[in-house]
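Hi everyone, thanks for coming. I'd like to walk you through one protein model today, at an easy pace, so please follow along on the screen.

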Amino acid sequence: MFFCAISGEVPTDPVVAQPSGHVYERRLIEKYIAENGTEPITGGKLELSDIISIKANPSSAPPRPPNFTSVPAILNALQNEWDALVLETFTLRGQYNATRQELSHALYQQDAATRVVARLVKERDAAREALANVQSSMGIAPTDDIEMDAEPANAVPEDTVAIVEETLNTLSATRKRRKMVEDYATVDTVRSFEPRQTIPSLHASSPAGINSIVVSSQSPDVFVTGGNDKIVQVYDASSQKVLYTLKGHTKKVNQVVWREGGDDIPFIISASADKTSRLWGYDDASSTYAPKQTFKTHKGDVVGLGIHPSKRLVALASADKTFSLHDLSTFQTVFHSDQFDTPFHSLAFHPDGHFLGLGKSNGGVVIVDLRSGSAAAELASEEAGAFSVDTVSFSENGWQMAAPGSAEGDTVALWDLRKQKATMSLDLGGGFKVRSLLFDYSAAWIGVGGVGGLKLFAPNKTKEELWSTDGEVTNIAFGNLGKSVWAVAGREVRIWGA
């Protein structure tokens with residue numbers, strides 16, 4: 001009687017391997033050869049042609065013995081299984097230890113390579129310094145190092161330039177022929193503004209203060225505020241309820257903007273003194289605003305924030321003397337400027353989208369061409385160097401810009417961008433201390449908010465004061481169709497309308 005060398009059972013179709021003489025069950029040895037191409041016992045090469053059938057006698061194999069019909073047989077089987085498990089565990093432990101040793105060796109190699117690179121960099125810098133000293137002593141002008149694979153100079157990417165130029169061509173072509181929206185407020189409407197609503201006790205009481213407000217273009221009673229309590233709030237004035245509370249900043253929120261309209265996902269974007277800008281996007285599934293991105297581009301407070309007219313870019317200005325552009329479809333930083341000569345304090349987009357106005361700490365405003373990322377003009381008041389420009393606003397007519405005109409904050413300079421000259425000045429009265437400037441969409445009036453209250457002027461030769469009210473104002477916004485003006489101060493939001 002024969003026994004299969006693989007199963008240990010009596011084979012029903014026995015075959016013998018010619019090279020070794022071992023007996024196998026045909027179906028088992030054929031599967032093994034198909035998978036491995038070797039003999040299981042000796043490990044030598046084996047092919048199907050090397051196996052020969054055996055004519056067993058008797059021709060029918062006896063039935064397999066009942067192995068698990070008694071307790072000793074079961075205990076023996078369990079013992080065999082346990083032995084196999086122990087052997088497998090031992091093998092795995094050995095493989096684990098070998099892997100740990102390989103990893104340790106790789107880490108030591110990486111650490112050694114890092115130390116070598118650091119030493120070489122140090123030696124290179126010392127050699128450069130010694131060469132510079134020798135050249136200086138011999139009167140030879142030092143030459144610039146030639147870096148391999150040097151990155152190109154800081155420039156605005158071509159696809160971003162394409163967005164800027166496309167927006168410029170579209171908006172500038174229709175600006176002179178544009179018609180005012182039907183039912184938009186008129187100067188007479190502004191003159192008749194009266195108090196409509198006061199919303200108290202917004203944000204936390206400590207530290208108290210709201211720094212920025214923006215009114216929804218889709219829901220006239222809904223607005224967003226950013227405060228000293230590090231929070232961004234979305235509030236419904238009609239129901240007098242907080243709709244969303246957006247957290248994440250670690251210091252006060254300096255400014256907020258809201259991207260709405262069209263097929264774009266609504267975004268709320270904030271700029272903070274914690275050197276970051278956070279972006280929340282509306283999530284239809286949860287019906288709330290969820291964090292989408294945190295921009296950590298700058299090394300100083302983010303003090304200016306604006307959405308490009310295309311609604312595809314957002315710009316940030318920082319106290320670290322730089323500004324940056326970010327793509328709202330990819331959430332990537334597409335441009336980060338070189339440092340300017342002074343820190344920035346405010347930011348505003350030109351209505352055509354090709355210029356960026358940046359208020360500086362020396363009383364001036366730098367106009368940046370976004371197609372090149374460099375300064376196109378520097379507008380400075382007569383008192384330049386004596387104060388910071390904390391607010392800037394461009395008119396929808398495309399050629400007028402407003403900025404504080406004095407260190408006392410009691411005047412507003414109206415600049416003609418075509419002449420690069422301040423052609424008019426609005427007198428606010430002593431101690432006004434302007435904090436917020438904003439042209440309305442019709443370009444027929446400009447709002448000025450500050451410690452001395454809120455005033456609306458006609459930005460033309462008449463310089464007429466159309467309307468005013470008392471009470472400190474930190475930031476202002478115009479409501480739907482220009483028929484209301486909103487202002488924040490302390491923890492209050494005040495609304496006036498016709």
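Here is the plan: we'll talk about cores, then strands, then a cavity, and finally salt bridges.

One thing to keep in mind throughout is that this is a predicted model.

Let's begin with the inside. In soluble globular proteins, nonpolar side chains tend to be buried together. So which residues have the most contacts inside the largest nonpolar core here? That core has 20 residues, and the ones with the most contacts inside it are Phe323, Leu325, Phe344, Leu356, Leu358, Val368 and Leu370. Several elements feed into this core with at least two residues each: helix H3 (158-175), together with strands S14 (313-318), S15 (323-327), S16 (333-336), S17 (344-349), S18 (355-360) and S19. There is also a second, separate core, made of 16 residues, and it includes Phe193, Ala458, Trp467 and Val485.

Now let's pick out S17, one of the strands that supply the larger core. Is S17 largely enclosed or largely open? Five of its six residues are buried, so S17 is largely enclosed by the rest of the structure. Buried here means under 20% relative accessible area.

S17 also has a partner. Strands of a sheet pair through backbone hydrogen bonds, either parallel or antiparallel. S17 and S18 pair in the antiparallel sense, with five bridges between them. If you'd like a spot to look at, find Phe349, which stands opposite Leu356 in S18. You may remember Leu356 from the list of residues with the most contacts in the largest core. The two strands, S17 and S18, form a hairpin, with five residues between them. In that turn sits Gly353, with a positive phi of about 85°.

Let's move along the chain to another sheet. What is the order of its strands? This one is an open sheet of four strands, ordered S21-S22-S23-S24, and the pairing is antiparallel. At the edges we find strand S21 (393-394) and strand S24 (421-427), each of which pairs on one side only. Further in, S22 and strand S23 (residues 411-416) run antiparallel and are joined by five bridges. Across that pair, Met401 stands opposite Trp415 in S23.

Hold on to Trp415 for a moment, as that residue leads us to the cavity. How many cavities of 30 Å³ or more does the structure hold? The answer is one. The space in the largest cavity is about 30 Å³. Trp415 is one of the residues lining this cavity, along with others including Gly363, Leu379, Ser381, Val389 and Pro404. Strand S19 (364-369), strand S20 (374-380) and strand S22 (400-404) each give at least two residues to that lining. So two elements we have already met come back here: S19 from the largest core and S22 from the four-stranded sheet. As for chemistry, the lining has seven nonpolar residues, three polar ones and no charged ones.

For charged residues, let's turn to salt bridges. A search of the whole structure finds 17 of them. I've picked three.

In the first, the side chains of Asp13 and Arg26 meet, at 2.9 Å from N to O. Asp13 lies in the segment before strand S1 (14-17), Arg26 is in helix H1 (residues 26-36), and the two are 13 residues apart. Both count as partly exposed, because Asp13 has a relative accessible area of 32% and Arg26 has 21%.

In the second, Asp125 forms a salt bridge with Arg124, with the closest N and O atoms 3.0 Å apart. Asp125 is partly exposed at 36% relative accessibility, and Arg124 is partly exposed at 39%.

The third joins the side chains of Glu166 and Arg312, at 3.8 Å from N to O. Why does this pair tie together parts that are 146 residues apart in sequence? Glu166 lies in helix H3, while Arg312 is in the loop between strand S13 (302-307) and S14, so the link spans that separation. Glu166 is partly exposed at 47%, and Arg312 is partly exposed at 39%. Salt bridges can also share partners, and in this way Asp13, Arg26 and Glu30 are joined into one network.

That's my tour, and I'm happy to go back to any part of it.

Definitions and conventions. Residues numbered from 1 in each chain as written. Predicted model: local features only at pLDDT ≥ 70, side-chain atom pairs only at ≥ 80, totals over all residues. Heavy atoms only, no water. 1 Å grid on protein atoms, 1.4 Å probe; cavity = no way out; pocket = protein on both sides within 12 Å on 5 of 7 lines; lining within 4 Å. Points joined across faces, edges and corners; volume = space filled by probe spheres on them. Nonpolar A, V, L, I, M, F, W, Y, C, P; charged D, E, K, R; others polar. Pairing = 2+ DSSP bridges. Core = buried A, V, L, I, M, F, W, Y, C linked by side-chain atoms within 4.5 Å. Buried < 20%, exposed > 50% of the residue type's maximum accessible area, 1.4 Å probe, protein only. Salt bridge = Lys/Arg side-chain N within 4 Å of Asp/Glu carboxyl O.
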